[in-house]
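Good morning, everyone. Please take a moment with the sequence and the model on the screen, and then we will go through the aromatic rings together.

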Amino acid sequence: MNGIARKRPKHLNLFQIKLPIAGVASILHRISGFGLFLMLPLLIWLLELSLTSPDTFALLKSIVAHPLVKLLLIGLLWAFLHHFFMGIRILLIDIHVGVAKAQAAASAKAVLAVSLVLTLILGAKLW
């Protein structure tokens, strides 16, 4: 830096940094992928219950009827939808579609809006 000493921050408070909407969507993409990965054993177990016998299917219905389980499944639905649509957005950016700052912000807002709206619609039907 041409002999000019720049004063660097000693403490970076991450809660004071305002991320652009594309950064928020990107972080949520990582969180949703992690959540889906962690919940995969539960989803596989629920699938097994649904396919094994009529008795285990009845058990599945009683488990899924609990409000906390419904909320968990709706959260997983949002995670899947957000991860899916954000993945499509990232693939488009990889082929240089929507790379400009305004387009990237608009596509991040679209991903957030579509995933939330579809979660509300599908979650209401599942509740």
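How many aromatic pairs does the structure hold? There are two aromatic pairs, where rings of Phe, Tyr and Trp (its six-membered ring) pair if their centres lie within 6.5 Å. Before the details, please note that this is a predicted model, in which local features need pLDDT of at least 70 and side-chain atom pairs count only at pLDDT 80 or more, while totals for chains, interfaces and linings use all residues. Residues are numbered from 1 along each chain as its sequence is written, and side-chain values use heavy atoms, with hydrogens and water left out.

One pair is phenylalanine 80 with phenylalanine 84, whose ring centres are 6.0 Å apart and whose planes meet at 20°, so this pair is stacked; planes under 30 degrees apart count as stacked, over 60 as edge-to-face and the rest as tilted. Both residues belong to helix 3, residues 67–94, and they are four residues apart, about one turn of the helix; helices here are DSSP runs (H or I, at least four residues), numbered from the N terminus.

Phenylalanine 84 also pairs with phenylalanine 85, with centres 5.2 Å apart and planes at 75°, so that pair is edge-to-face. Ring pairs thus link Phe80, Phe84 and Phe85 into a cluster.

Finally, the charged end of lysine 70 sits over the ring of tryptophan 127, 5.2 Å from its centre, a term that requires NZ of Lys or CZ of Arg within 6 Å of the ring centre and within 35 degrees of the ring normal.

Terms used
Helices (H or I, at least four residues) and strands (E, at least two) are DSSP runs, numbered from the N terminus.
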